[in-house]
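Please work through the exercises below with the sequence and the structure at hand. Try each task before reading its solution.

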Amino acid sequence: MIQDIAPAFLDNSFKPEVRALPGSPVFYFEGNRLALKEDGSVPLFKDIEADDLIYLFDLTKTPCFLTRKRPEGLDLTSLREIRQNRSLGKDMAFAVYTACHLANWYDSSDYCGRCGHKTTFGTKERSRICPECGNIIYPRINPAVILGILNSDKSRILLTKYAGRDFSHYALVAGFTEIGETLEQTCMREAMEEVGLKIKDIKYYKSQPWGSALDILAGFFCMVDGSEEITMDAGELKTALWCSPEEVVLQPDDYSLTNEMMRLFKEGRLV
Ligand SMILES: [Zn+2]
């Protein structure tokens with residue numbers, strides 16, 4: 001998965017006193033598009049002029065920063081293209097996804113959502129503080145589930161393809177958690193909404209931060225409960241079908257939790 005970068009590691013503890021080194025990556029985003037150098041690499045502190053740096057995290061031992069002023073002469077590349085090209089090493093790709101999530105939060109927290117006053121930067125933790133009304137704004141992470149649904153004899157897994165999205169590979173049933181729901185309830189609701197199936201034996205597998213969508217994804221396996229007849233939500237999906245291990249076509253990279261879950265089934269490694 002994208003976060004599996006050992007022996008590299010990402011340390012996201014809050015250290016506002018950290019200053020940039022010549023080799024520090026500096027990220028600039030417009031939405032999900034990142035400024036890259038001509039050779040496709042992330043610009044370093046020594047490459048660009050930026051006087052507004054915000055410390056984000058350490059990638060292994062190297063502090064990484066955000067600028068919110070577009071560096072001159074750099075083109076923007078979407079995270080989708082970066083993933084397709086696999087032009088960055090996996091550790092840097094994970095750093096980019098995480099930086100994108102943080103950049104989105106910094107961009108959307110300049111003003112207090114309660115009273116509209118300009119916010120300041122928290123000094124003890126990663127937060128924005130409204131000096132007018134005292135509102136404290138923390139980075140927002142959206143919880144979502146991914147669901148590996150198995151049929152009654154575990155010989156097939158339910159695969160989907162999303163409707164209307166520029167992603168043509170197989171995926172699993174997935175969806176965001178609603179307020180007031182447990183993750184297991186999200187699983188049951190999404191299975192019913194997307195493919196019309198009742199499920200049981202919901203078992204947690206692993207989780208994955210997915211910064212390009214501002215998510216934390218929780219993966220579960222479960223069994224169909226009763227009828228295996230699929231009733232697809234055509235607004236969400238263009239394909240939903242039961243697949244044997246041989247029929248599972250994996251995604252072209254190993255970034256996603258979805259792909260790891262499909263691979264487990266395909267390789268007969270589900271217990
Ligand atoms: Zn306020």
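Three exercises follow, on the domains, on the core and on one helix.

The model is a predicted one, in which local features need pLDDT of at least 70 and side-chain atom pairs count only at pLDDT 80 or more, while totals for chains, interfaces and linings use all residues. Residues are numbered from 1 along each chain as its sequence is written.

**Exercise 1.** Find which domains the assignment of the protein chain gives, and describe the side of domain 1 that touches domain 2.

Solution. Begin with the bounds, which come from an automatic or database domain assignment: domain 1 covers 10-108 and domain 2 covers 142-266. Their centres, taken over C-alpha atoms, are separated by 31 Å. Next, count the residues in the contact (C-beta atoms, placed from the backbone, within 7 Å), where domain 1 provides 10 residues and domain 2 provides seven residues. On the domain 1 side, helix H1 (79-85) and H2 each supply at least two residues, and the largest share, five residues, comes from H2. Helices are DSSP runs of H or I with at least four residues and strands are runs of E with at least two, both numbered from the N terminus.

**Exercise 2.** Locate the largest nonpolar core and explain why it lies between the two domains.

Solution. A nonpolar core is a set of buried Ala, Val, Leu, Ile, Met, Phe, Trp, Tyr and Cys residues joined through C-beta atoms within 7 Å, and a residue is buried if 20 or more other C-beta atoms lie within 10 Å of its own, exposed if 12 or fewer, and partly exposed in between, with C-beta atoms placed from the backbone. The largest such core has 59 residues, and Phe 27, Ala 99, Leu 147 and Ile 149 have the most contacts inside it. H2 gives the most to this core, with eight residues. Because domain 1 (10-108) and domain 2 (142-266) both give residues to the core, it lies between them.

**Exercise 3.** Check the length of helix H3 (residues 183-195), and say which of its residues are buried.

Solution. The expected span is 1.5 Å times one less than the number of residues. For the 13 residues of H3 this should be 18 Å, and the end C-alpha atoms are 18 Å apart, which agrees. The buried residues of H3 include Thr 186, Cys 187, Met 188 and Glu 190. Among the strands that the buried residues of H3 pack against are strand E11 (142-150) and strand E14 (199-210). After H3 comes Gly 196, with a positive phi near 70°.

Methods: Two residues are in contact if their C-beta atoms, placed from the backbone, lie within 7 Å. Ala, Val, Leu, Ile, Met, Phe, Trp, Tyr, Cys and Pro count as nonpolar, Asp, Glu, Lys and Arg as charged, and the others, Gly among them, as polar.
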